[in-house]
Amino acid sequence: MTAQATVLYDAPGPKARARSRVISVVGGVVLAGLLAWVVYRLAIPQVAANGAETPPILDPTRWTPLAEPQVWMQIAKGAGATLGAAAVAMVGALLLAVLLAFGRLAASPLIRVPIAIVLEFFRGMPVLLMMLFILLVASTGAFVAVVVALIVYNGAILGEALRAGMLSLNKGQREAGLSIGLTPIRTRMLIELPQAFTQMLPIIMAQLVVLLKDTSLGYIVGYYELLRTVKNLSTFFGNYYMFTFWLVVAVIYLAINVLVSWLGRRAARAVAAKRA
Amino acid sequence: MNVLIENIDLILVGFLTTLRLLVFGGIGAMVLGLLVATMRISPVASLRGFATAYTELFRNIPLTLIFFFMVFVLPLINPKLPPYEVLAAVALAVYTSPFVAEALRSGINGVPVGQAEAARSIGLAFGQTLTLIVLPQAVRMVIPPLINVFIALTKNTSVAGGFFVVELFATAQRLANNNGNAVIPILIGVAFFYLLITVPLGLIAGQVEKRVRVAR
């Protein structure tokens, strides 16, 4: 626990510790009860709407497809598609973000104002709508629609973050860059951007996790990614196995995102330690 | 342009559905988020652990996956389910709640330690410190990030359109399919309705942020 939170209450004495233990136990029992109910619900035979009874969700027969290498090949293919789209979109979004941040900070209002309006437009509409837009108007493939929409949307958000980072820098940074003879653009690139980037790293990493999760919207616009794999496998093997496939994919997503979040936090901490 | 005017009733119905999802999903997310945030800062270890696990779990699962579960997987377990719109609101509430909880928690952590120390030193207990000193200050700092969470929620309601709820996105999809020659005006018109919610919210967040900054 951080010092921040402990300032809210005393270091617990024997009485408070006893009380805390009681609440801990009661809370733990309630939560365990909730979990037990979920497991029980999954362990009893399932009754369909027409009254037909099928084996429980946790019945071993529902998990047999996982023994087939073909299934894992399909899941790996889906995961590859998800990660591929995410990787391309991440790089693109970061590059676009730099351009947009520079544009919004440009000296000329002819550049600044239109970019501000376009940014506001892209930040305010759903990525999903943008994907549909690209799909229908540019009639591209689903991959391009997903990636381009993610680049534009996240580029707009990351651009704002970078701009805020550059604005928060000491004015002397820019002045120093200009006074040693760097051009305004090189000052931004070499002096301001790296500092803004490291300062905003936590926000940037959080947004990249959002981007990664948003690749699953590709399911709705027909991109063959990880979630689509669940649907296709369930169509092939039958809905009898859908929970199994869903759980596997949920765990994969969870593992990837927790890993990326953790790496992001580590990077942010490393950068903060270096700057201090 | 004509397509938009001819189908304005459909678009408005979709817009109302989006608003309903936003309101009910938002209320649900607030309730869940408040609960989780309280657990997260409580002195009881087991509640803290649960809140942390809950936050990590639902923050790292894509919304589409939660929708998929509610709409396709849940009926296999329990066939007696409410209509899709209710399921969608629940999915949105569950997905948004950890973000609400984190916003609340960072607001509470953002109150200077001296404030809590002063409260403690005049003899206030945990509950009093929290409700009389920390929360009133935290609420003001929490509002801008909270509004941003709701802006994200507004945009996330569009995912419901992919799962049998005819809200704004699904309406756009249908209109675009039926009027292949007027895709651009339809999509821009629908985007306008989203901006109608998100842009004012963003402006409010900016205003509040400015006012709080002056106060300190």
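This is a short guided tour of a predicted model with chains A and B, to follow in your viewer.

**Stop 1: chain B as a whole**

Start by selecting chain B and showing it as a cartoon. Chain B contains 9 helices and 0 strands. If you trace the chain from its N terminus, the elements read α-α-α-α-α-α-α-α-α. Now turn chain B around: its C-alpha trace spans about 70 × 50 × 20 Å along the principal axes.

**Stop 2: a helix with a bend**

Next, select residues 126-156 of chain B, which form helix H7. How far apart are the end C-alpha atoms of this helix? They are only 37 Å apart, although H7(B) has 31 residues and a straight helix would reach 45 Å at 1.5 Å a residue. To find a bend, click on B:Val134, where H7(B) turns by about 50°. Then look for a proline within the next four residues: B:Pro136 is there.

**Stop 3: helix H2 of chain B and two partners**

Two packed helices are described by the angle between their axes and the distance between the axes. Keep both in mind for the next selections.

Select helix H2 (residues 8-41) and helix H3 (residues 45-59) of chain B. Their axes come within 7 Å and cross at roughly 130°. An angle like this makes H2(B) oblique to H3(B), and the crossing is left-handed. Show side chains to see who takes part: H2(B) brings B:Val36, B:Met39 and B:Arg40, while the residues from H3(B) include B:Leu47, B:Phe50 and B:Tyr54. Sorted by class, this contact has 6 nonpolar, 2 polar and 2 charged residues.

Keep H2(B) selected and add helix H8 (residues 168-178) of chain B. Here the axes also come within 7 Å, and they cross at roughly 155°. Is this pair roughly parallel or roughly antiparallel? H2(B) and H8(B) are roughly antiparallel to each other. Highlight B:Leu10, B:Ile11, B:Gly14, B:Phe15 and B:Thr18 in H2(B), which meet B:Leu168, B:Ala170, B:Thr171 and B:Leu175 in H8(B). The residues of this contact divide into 6 nonpolar, 3 polar and no charged.

**Stop 4: where the chains meet**

Bring chain A back into view. How many residues of chain A are in contact with chain B? There are 45 of them, in contact with 44 residues of chain B. Several helices of chain A give two or more residues to this side, among them helix H2 (14-43), helix H4 (109-124) and helix H11 (242-275). H11(A) gives the most, with 9 residues. Color this side of chain A by class and you will find 31 nonpolar, 11 polar and 3 charged residues.

**Stop 5: a helix pair across the interface**

For the last selection, choose H11(A) together with helix H4 (residues 63-77) of chain B. They pack at an angle of about 160°, with their axes 10 Å apart. H11(A) and H4(B) are therefore roughly antiparallel to each other, and their crossing is left-handed. On the chain A side, display A:Met242, A:Phe243, A:Trp246, A:Ala250 and A:Tyr253. On the chain B side, display B:Leu65, B:Phe68, B:Phe69, B:Phe72, B:Val73 and B:Leu76. Which classes of residue make up this contact? It has 11 nonpolar residues, with no polar and no charged ones.

Conventions:
Residues numbered from 1 in each chain as written. Chains lettered and ligands numbered in written order. Predicted model: local features only at pLDDT ≥ 70, side-chain atom pairs only at ≥ 80, totals over all residues. Contact = placed C-beta atoms within 7 Å. Nonpolar A, V, L, I, M, F, W, Y, C, P; charged D, E, K, R; others polar. Expected span 1.5 Å × (residues − 1). Bend = angle between axes of the 7 residues up to and from the residue. Axes fitted to C-alpha atoms, helices over the stretch in contact; angles between N-to-C directions. Parallel < 35°, antiparallel > 145°, perpendicular 65-115°, else oblique. Left-handed = near helix turned anticlockwise from the far one by under 90°.
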